[in-house]
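Please look through the sequence and the model below before reading on. The paragraphs that follow take up one helix and its surroundings, and then turn to a sheet.

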Amino acid sequence: MPLAGIASLPEDFRTHTTAPTSNLAAMRTEQRVLFVNTRDRLEADVAVHVQLAHGLQQSGSYAAFSLTRTATSYLSRRIAGLPTLPLPSQQPQHSSRRVPPIRLAAALHTMIRYTLTHRIAILHATDRPREAFLAILAAHLTHRAAIIHVHSNIDASSSRISRWSIAHADAVIGVSHFLCRSIEQLSLPARNLTAVHNAVDTDRFHPRRSPEARYDWRSRLGIPPTVFLIGLIGRRIPYKGHADLLAAIAAAGPDLATIHIALVGAPNAAFPGYTQELQKQAQHFDIAQRVHFLDYQHDILPVYQALDLLAVPSWDEPFGLVIIEAMATKLPIVGYASGALPEIITSGRDGILVSRRDIAALRQAITRLLHDPVLA
């Protein structure tokens, strides 16, 4: 682990603390929280933590949010009204380049000083390696409590730093029971492991549809307003099931011959070439003219308003924030009955779930909703 620079921290960072000697006691008696964020984009886990921070603040607690100096203006707007802690700029979370140890040490130094000055009791981070690592170290050096909020699937191939952080946190939150079971199966000594489902802001995500927003968003892609449009929203990584959805549409008969697909989400540096593979697949299936690749969308609500169906063919989805956002907008959903989806969706009532990787069943579910708007 890149620990260079930590030993040179001022001695008062280690000894000057008013926190209780028990880190868990701090969690129960104090409500001053620092959310550790080192990214610029409002990805699903960051969005959840922004929502939590605002909720804590509205309930009378102190909730601060760390923000890199290179953060986009959009993320800055979303955390408006929250105390912020600027951190030294970091490289993208999935960058193949390592963050220099001196930069990590500078971020840690900044977090420790803020924690002590503002009497922070809890450092709350995602399971992303850099954020979890910084939160655990800062909490340890200041005798505060650390919570690791796990949003990603954890298995033997997961980052060693993420697994180490989960094992050394004072409490661990998993966004689904499925995710908590996966942590338990690794025999990680996670203390106070709790499943807490994500929530959705129903003031922001609502069923009031705007025809203008629907037409405007579609017109930018050249999609007629009457065409049935399926969306898959998520990072462009294989387990999200993009290839399965393309195969389901391509193998269909004339019923699905006019359907368009919007693949919405940023490419992922951990899977270089994946977008090109999907584009080649669409060309092979002769559906390339009906498949639209879109990058990360700052405002996702117009996307939901423009879609007719959300597809979630993830192989083992740890939760799926887009699912409950789509449900709040009354958008029908099809997906695989794997991961956390059965915890969220009762098939036939809240959406249609089919067996994992069953492309024929996925195609049948899409066809069923296409022809039964009442069910949809």
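A residue is called buried here when its relative accessible area is under 20%, computed with a 1.4 Å probe on protein chains only. By that criterion, in this predicted model, helix H13, which spans residues 321-328, is mostly covered, with seven of its eight residues buried. These buried residues are Leu321, Val322, Ile323, Ile324, Glu325, Ala326 and Ala328. Their packing partners are helix H3 (44-58), helix H12 (301-306) and helix H14 (341-344), together with strand S8 (229-233), strand S11 (309-312) and strand S12 (333-336). Just after H13 the chain reaches Lys330, which takes a positive phi of about 60 degrees.

The sheet to consider next is open and consists of seven strands with parallel pairing, arranged in the order S3-S2-S1-S4-S5-S6-S7. Because strand S3 (84-87) and strand S7 (193-195) stand at the edges and each has a single partner strand, one side of each is left without a neighbour in the sheet. On average, neighbouring strands of this sheet are turned by 20 degrees against each other, when direction is ignored.

At the S3 edge, strand S2 (residues 62-68) runs parallel to S3 and is joined to it by four bridges, and Thr68 stands opposite Leu87 in S3. Helix H5 (residues 101-117) packs on the sheet, where it touches strand S1 (32-36), S2, S3 and strand S4 (122-126), and its direction makes about 155 degrees with that of S3. Helix H6 (residues 129-142) also packs on the sheet, touching S1, S4 and strand S5 (145-150), with its direction at about 165 degrees to that of S4.

Key: Residues numbered from 1 in each chain as written. Predicted model: local features only at pLDDT ≥ 70, side-chain atom pairs only at ≥ 80, totals over all residues. Heavy atoms only, no water. Pairing = 2+ DSSP bridges. Helix = DSSP H or I, 4+ residues; strand = E, 2+ residues; numbered from the N terminus. Axes fitted to C-alpha atoms, helices over the stretch in contact; angles between N-to-C directions. Contact = heavy atoms within 4.5 Å. Buried < 20%, exposed > 50% of the residue type's maximum accessible area, 1.4 Å probe, protein only.
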